[in-house]
Amino acid sequence: MATYILRRLIQAIPIMIGISIISFLIVNLTPGSPVDKFRSPRVSPETIQNLIRLYGLDQPLIIRFWSWFTHFWTFPFDKLAWGYSFTDGLAVRDKIFQRIPSTLLLMGTSLVVTIVLAIPIGILQAVKQYSWADKLITTFETVGYAMPTFWLGLILKQTFAVQLNWLPLYGQNALGKHDLPDMLMHLILPVTTLAVISVAGWSRYMRASMLEVLRQDYIRTARSKGLNGGQVIRKHALRNALIPIVTLLGLTIPSLLSGAAITETVFSWPGLGWLGVQSVIDRDYPVVLAVVMIGGTMVIIGNLLADIAYAVVDPRIHY
Amino acid sequence: MARSEGLPAGSTVRLSPADDFDEVDLVPVQTFWQLVRRRFLQNRMAVIGLVLMAILIASSIVFPIIGGDAWFKTSLVHGPKDPISLTAPMGYDNLGINIFFRLMKALQTSLIIGTFAVLIIAGIGTAVGSISGYAGGLVDNLMMRFVDIVLSLPGFFLVIMLVAFMGSGNVFVIIFAIGLTGWTTAARLVRAEFLRLREADFVQAAKALGASDRRIIVRHMIPSAMAPVVVASTLGIADSVVTEAALSFLTFGLRPPEASLGNMLTGAQDYFYRQPLWVYYPGILLILVVLAASFLGDGLRDALDPRQRIEA
Amino acid sequence: MTRADGQGDLLAVEDLRTHFATSDGLVKAVDGVSLRIRQGKTLGVVGESGCGKSITALSIMRLIERPGRIVSGSIKFDGQDLLAMREEDMRDVRGNQISMIFQEPMTSLNPVYTCGEQIAESVLTHRGGSHKAAIGRAIDMLAQVGIPDPKRRASEHPHQLSGGMRQRVMIAMALSTDPELLIADEPTTALDVTIQAQILELMKALREKNRMAIMLITHDLGVVAEMSDDVSVMYAGKIVEASDAVSVFDRPHHPYTRGLLASIPRLGEKREKLAVIKGVVPNPLNLPSGCLFKRRCPDAMPVCDTPPPLRSVGDGHVSRCWLAPDGGKPEIGENAQATEAVAAALTLTVAAP
């Protein structure tokens with residue numbers, strides 16, 4: 001197992017390099033320059049030139065890339081490894097580290113809620129296939145999965161926060177408060193937005209996986225041994241049905257991050273996604289670069305975790 | 001005792017419908033596409049998807065023509081307080097624009113962007129996938145690493161970046177950005193098909209006849225591999241339309257006076273209290289597009305897949 | 001006229017009907033099947049694919065699921081009426097007094113549990129006791145079925161074993177609760193011929209040891225001849241012939257049985273063509289009227305338009321055919337339009353000996 005993990009980590013390196021190159025190229029080759037917002041009749045060309053030199057924008061691309069790339073990975077030790085933000089001059093690393101916990105909180109809670117709800121729902125649907133409950137739930141699932149995140153977020157926000165005033169409107173905490181209950185209140189709406197759509201999707205997978213498993217010969221064998229329905233499902237069907245779900249979990253991490261970007265923006269949740277969107281608007285390139293890199297890293301880690309989980313859960317896999 | 005074969009001459013035998021030996025289990029032979037069509041039409045959800053999609057496409061063509069400039073013409077005479085009428089079934093917004101026609105124009109824009117983005121996805125995906133799958137070996141390896149890299153990039157975020165940096169509000173940029181980030185799944189599908197087809201008999205036969213690689217790929221393999229691409233593309237339209245809407249909602253995409261389902265939502269959110277319908281209309285239309293594309297795509301997949309699944 | 005319940009009948013199936021309501025129509029997979037299995041004896045149930053033999057077995061175990069349904073009939077096992085039981089009581093019978101093994105050893109075992117665990121599960125369910133003891137018994141059983149190094153194998157997963165070994169594990173699992181009846185549904189069909197022979201030898205040895213009755217379902221006449229005391233031949237959901245094995249092989253009556261036996265090529269025979277039964281099995285959704293075999297039967301006559309009764313053609317030998325017991329012309333004449341009364345008037349036996 002350890003060799004397997006090591007092997008995968010080594011395989012991740014070229015991907016990491018690739019991500020770095022592509023991100024860097026996108027940020028630096030697109031039209032417009034970070035100094036453009038400083039240009040105005042009142043700013044002299046020399047100042048602009050100085051700025052260009054300051055940001056190292058006059059160097060060849062390769063040099064700039066190498067310089068940035070090598071500095072990037074010193075971040076555990078160097079506060080300025082990711083540079084300064086163009087908007088407020090703060091160290092990019094600090095800005096990002098400050099935001100990561102919020103995003104993880106949002107993502108993590110949504111994931112937990114999704115798993116807790118989607119798995120039982122999917123199982124129920126599979127066991128009671130074709131019943132009215134199954135059909136009704138399927139309808140909800142289909143419509144729920146088709147909803148755009150931002151629209152649902154919008155509606156929930158307007159209904160519960162603005163009109164009914166039951167829940168806070170935005171942010172992670174009310175001004176000045178730092179306690180848990182307050183944060184939980186703020187967490188409800190964004191998590192619900194993500195969870196509704198997520199549960200709709202996952203319970204369909206669970207249902208399909210469960211149905212597939214229930215058709216297998218070994219289920220018939222289990223029944224022929226005299227086990228009751230519950231035992232057959234819990235012991236024999238469930239473990240097998242969860243295997244593909246576990247793999248899928250890792251593979252949906254990329255879309256979780258995208259979903260985060262939109263939801264955080266709608267609810268002004270102080271997370272990485274919102275920071276990313278803001279910095280794109282502000283052309284804050286160092287921050288944008290860092291966010292993309294972090295995003296990419298999280299995807300790679302997610303895939304690795306999925307592969308490991310799969311190897312653990314399915315005894316047929318040799319690693 | 002063994003007896004002679006068949007019936008004694010002159011005997012009368014009562015025949016019932018199942019007695020005609022030759023017609024046992026003979027089903028008229030159908031071509032592949034006829035079978036696909038039959039399976040598709042028997043699938044209720046698929047037909048619903050097809051009909052819904054047809055209605056949506058038709059609406060997006062017809063109503064903008066009927067409406068003319070109603071979708072962006074502001075008015076001081078009409079406003080939110082106007083009752084709904086035949087010419088304005090959804091009323092007017094705060095700028096006096098006819099909401100229904102603006103909605104239809106937005107639908108048109110969304111569908112166009114979605115379709116073209118999907119074409120780019122299919123194009124790049126097929127190109128990459130076919131070369132990778134056919135060539136195999138090192139080329140395949142390298143290309144798949146590249147796909148892995150693109151997949152690891154946060155997709156939506158990348159789209160935002162591309163659009164923002166290359167020009168917000170530019171339809172071509174939007175199409176290009178969505179297409180450029182979404183081709184990976186199609187590439188994998190095509191590659192999988194190609195890997196399978198490479199060893200197929202008819203490909204070996206073409207090779208034996210001396211056909212060049214390019215001819216084999218284009219004339220023989222791509223048509224076979226198209227089926228999963230068609231399915232993925234149909235489902236991809238839903239994705240692209242929603243992505244465009246999200247872009248426009250976040251003000252990266254189309255901005256007023258351009259009509260997009262996304263920017264109609266941006267405008268509507270501040271008026272939700274008084275005019276909740278302004279938020280529901282574009283949203284429900286989006287949902288309908290996604291549902292239509294999903295049902296259609298799933299229906300196509302089930303119809304094309306020879307391993308039938310049993311539905312109640 | 002039905003024969004009186006014989007002494008020592010472990011299992012008595014009477015006029016079992018299991019129907020499937022599919023979207024294409026009603027499929028009468030099992031349509032009036034009766035059979036008996038005596039204590040400690042082996043009944044071979046023979047027939048082509050689709051004739052309903054597996055469904056019969058699943059019906060006995062009450063493992064039929066939607067859209068299938070046991071419509072009528074009775075199944076008496078050891079004095080209990082299996083069809084009238086509550087489901088909880090049936091579960092006490094399944095895997096305990098009646099065990100079943102299936103055709104596909106590759107897919108019949110759960111891939112995520114070890115072999116030992118799966119055998120132990122049977123033991124724990126029906127005999128209770130500690131987990132440790134159950135595993136011990138599992139290892140025991142693995143040894144009994146001839147698996148070398150049983151302790152190691154018990155902790156391995158099914159995919160680590162070959163097909164033949166998996167079938168042995170299935171047998172071990174089925175026998176771990178000392179059942180009185182073992183239902184074996186094509187146990188060797190999916191295996192190599194050499195492995196097949198080994199498994200059959202194993203079953204014979206275990207049958208001897210445990211004094212177990214076996215219902216052996218197969219399409220392979222060789223296997224039947226090897227293993228069975230009694231034979232029932234099925235066709236299109238009905239029993240067409242039944243007797244002890246010797247009678248069926250030496251004095252087959254029904255044209256189908258005769259066709260099956262004739263189609264086996266024999267070493268040393270000089271033939272140009274293999275003897276075949278012409279035609280194909282009827283489509284269950286479009287069954288012919290009258291005798292289900294008439295379209296393929298070399299002896300078909302007008303009277304075959306009326307469904308023949310299952311009638312006695314010898315001592316404990318029944319056949320569903322109008323032909324006289326000696327194979328000659330039917331007593332009621334070839335061209336007769338037989339009625340139900342006429343059919344009933346012929347000597348009838350509704351069960352295997």
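These legends go with a set of close-up views of a predicted model.

**View 1. Chain C as a whole.**
Before zooming in, here's the overall build: chain C carries eleven helices and twelve strands. Its C-alpha trace spans about 70 × 55 × 45 Å along the principal axes. The radius of gyration is 21 Å, which agrees with the value near 20 Å that a compact globule of 353 residues would have. Buried residues come to 48% of the chain's 353. Looking at contacts with a separation of 6 or more, 67% of those in chain C link residues 24 or more positions apart.

**View 2. The open antiparallel sheet of chain C.**
Follow the strands across and you read β2-β1-β4-β5, four strands of chain C in an open sheet with antiparallel pairing. β2 (25–38) and β5 (80–81) of chain C are the edge strands, each pairing on one side only. Further in, β1 (residues 9–22) and β4 (residues 68–77) of chain C are held in register by eight bridges, again in the antiparallel sense. To find your place, look for C:L11, whose bridge partner in β4(C) is C:F77.

**View 3. Strand β3 of chain C, covered on both sides.**
Is β3 (residues 42–46) of chain C mostly covered or mostly open? Mostly covered: five of its five residues are buried. In a regular strand, side chains alternate between the two faces of the sheet. Here C:T42, C:G44 and C:V46 sit on one side, with C:L43 and C:V45 on the other, and all are buried. β3(C) pairs in the parallel sense with β8 (residues 213–218) of chain C over five bridges, and C:T42 stands opposite C:I214 in that strand. β3(C) also runs parallel to β9 (residues 230–235) of chain C, joined by four bridges; there, C:V46 has C:V233 as its bridge partner.

**View 4. The β11–β12 hairpin of chain C.**
Strands β11 (residues 311–314) and β12 (residues 317–319) of chain C pair in the antiparallel sense over three bridges. One spot to pick out is C:G314, which stands opposite C:H317 in β12(C). Two residues lie between the strands of this hairpin, and C:G316 in the turn takes a positive phi of about 70°.

**View 5. Helix α2 of chain A, out in the open.**
Count the buried residues among the ten of α2 (residues 45–54) of chain A and you get zero, so the helix lies largely in the open. Just after α2(A) comes A:G56, with a positive phi of about 70°.

**View 6. Two helices crossing in chain B.**
Helices α3 (residues 99–135) and α7 (residues 184–198) of chain B pack at an angle of about 35°, their axes 7 Å apart. The crossing of α3(B) and α7(B) is right-handed. Residues making the contact include B:G125, B:G129 and B:G133 of α3(B), along with B:A186, B:V190 and B:F194 of α7(B). By class, the contact of α3(B) with α7(B) involves ten nonpolar, six polar and four charged residues.

**View 7. Where chain B touches chain A.**
Across this boundary, 32 residues of chain B are in contact with 38 of chain A. On the chain B side, α4 (137–152), α5 (155–166), α9 (213–249), α10 (261–269) and α11 (276–304) each supply at least two residues. Which helix of chain B gives the most? That's α5(B), with nine residues. By class, the chain B side splits into 25 nonpolar, five polar and two charged residues.

Technical notes
Residues are numbered from 1 along each chain as its sequence is written. Chains are lettered from A and ligands numbered from 1 in the order in which they are written. This is a predicted model: local features need pLDDT of at least 70, side-chain atom pairs count only at pLDDT 80 or more; totals for chains, interfaces and linings use all residues. The radius of gyration is taken over C-alpha atoms; the globule rule is 2.2 Å times the number of residues to the power 0.38. A residue is buried if 20 or more other C-beta atoms lie within 10 Å of its own, exposed if 12 or fewer, and partly exposed in between; C-beta atoms are placed from the backbone. Two residues are in contact if their C-beta atoms, placed from the backbone, lie within 7 Å. Two strands pair if DSSP finds at least two bridges between them. Ala, Val, Leu, Ile, Met, Phe, Trp, Tyr, Cys and Pro count as nonpolar, Asp, Glu, Lys and Arg as charged, and the others, Gly among them, as polar. Axes are lines fitted to C-alpha atoms, for helices over the stretch in contact, and angles run from 0 to 180 degrees between N-to-C directions. A crossing is left-handed if the near helix is turned anticlockwise from the far one by less than a right angle, and right-handed if clockwise.
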